[in-house]
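Work through these exercises with the sequence and the 3D view side by side. Try each task before reading its solution.

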Amino acid sequence: MTATSYSVHPTPIGQALVVVSDEGLVALHILDGPHDDQLAELSALLHAMPDHDADATAPVTAQLDEYFIGRRRRFEVPLDWQLVSGFTREALQAVCEIPYGQTASYAEVAVMAQRPRAHRAVGTACARTPISLVVPAHRVVRADGSIGEYGGRPEIKRFLLDFETATGE
């Protein structure tokens, strides 16, 4: 079993729960309340309670800070995909290829993942990604260009898209 560690890190869009393993980033969630419930849910999925260790998550949190001051366009941390598999993983890996400041539709991501008819499954993958921001699901939009829900928090998605547009020029 892989050891896991976590920290809670401030960002302009809220506190980020960051969970890492020896393999890489396992989860990154923007919290809308105390981290205890989210951590308990992740612990059940991981079959272990992560240790609080800000040093272990520092490579991720440093890159988050760089992203939010406009100095980082692409995250360069290894990802531990243990919480996703199958097409969900393929779709999220395709999402990682969407360039900073740009968007792609769910249908375009489905084509990128070599499953052109799976646009609804791409939507599900984006909605359920355990790794926010680093896997830029916020860059995936509806075919008509509208942004969609983003886990019920469209204001965060709008902020991220506007931020990347403003800093990408």
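Buried means under 20% relative accessible area, exposed means over 50%, and partly exposed lies in between, using a 1.4 Å probe and protein chains only. Helices (H or I, at least four residues) and strands (E, at least two) are DSSP runs, numbered from the N terminus. The model is predicted: local features need pLDDT of at least 70, side-chain atom pairs count only at pLDDT 80 or more, and totals for chains, interfaces and linings use all residues. Residues are numbered from 1 along each chain as its sequence is written, and side-chain values use heavy atoms, with hydrogens and water left out.

**Exercise 1. Lay out the sheet.**

Task: Find the order of the strands in the open sheet, and say which strands stand at the edges.

Solution.
- Step 1. Apply the pairing rule: two strands pair if DSSP finds at least two bridges between them.
- Step 2. Read off the order. The open sheet has four strands, in the order S3-S2-S1-S4, and its pairing is mixed.
- Step 3. Find the edges. S3 (25-30) and S4 (51-52) each have a single partner strand, so one side of each lacks a neighbour in the sheet.

**Exercise 2. Trace the pairs.**

Task: For each pair of strands, give the sense and the number of bridges, starting with S1 and S2.

Solution.
- Step 1. S1 and S2 are antiparallel, with eight bridges. A hairpin with two residues links S1 to S2. Histidine 9 has alanine 16 of S2 as its bridge partner.
- Step 2. S2 (residues 14-21) and S3 also run antiparallel, joined by five bridges. Valine 20 pairs with leucine 25 in S3. Valine 18 pairs with leucine 28 in S3.
- Step 3. Look at the S2-S3 hairpin. Three residues lie between the strands, and glycine 24 takes a positive phi near 150 degrees.
- Step 4. S1 and S4 are parallel, over two bridges. Here serine 5 has aspartate 51 of S4 as its bridge partner.

**Exercise 3. Check the burial of two strands.**

Task: How many residues of S1 are buried, and how many of S3?

Solution.
- Step 1. In S1, six of eight residues are buried, and the strand is mostly covered.
- Step 2. In S3, six of the six residues are buried, so the rest of the structure largely encloses this strand.

**Exercise 4. Place the helix on the sheet.**

Task: Which strands does helix H1 touch, and where does leucine 39 sit?

Solution.
- Step 1. Set the terms. Contact means heavy atoms within 4.5 Å. Axes are lines fitted to C-alpha atoms, for helices over the stretch in contact, and angles run from 0 to 180 degrees between N-to-C directions.
- Step 2. H1 (residues 35-46) packs on the sheet and touches S1 (4-11), S2 and S3. The directions of H1 and S2 make about 20 degrees.
- Step 3. Leucine 39 is in H1. Leucine 39 is buried, at 5% relative accessible area.
- Step 4. List the contacts of leucine 39. Leaving out residues up to four places away in sequence, they are Tyr6, Leu17, Met49 and Pro50.

**Exercise 5. Compare two positive phi angles.**

Task: Histidine 47 and leucine 133 are not glycines; what phi does each have, and is each buried or exposed?

Solution.
- Step 1. Histidine 47 has a positive phi of about 60 degrees. Its place is the loop between H1 and S4. Histidine 47 is exposed, at 63% relative accessible area.
- Step 2. Leucine 133 has a positive phi of about 65 degrees. Its place is the loop between H5 and S6 (140-141). Leucine 133 is buried, at 2% relative accessibility.

**Exercise 6. Find what proline 130 touches.**

Task: Where is proline 130, and which residues does it contact?

Solution.
- Step 1. Proline 130 lies in the loop between H5 and S6. Proline 130 is buried, at 8% relative accessible area.
- Step 2. Setting aside neighbours within four places in sequence, proline 130 contacts Val26, Ala27, Leu28, His29, Leu83, Val84 and Leu92.
- Step 3. Check a long-range pair. Proline 130 and leucine 42 are 88 residues apart along the chain, yet their C-alpha atoms are 9.1 Å apart.
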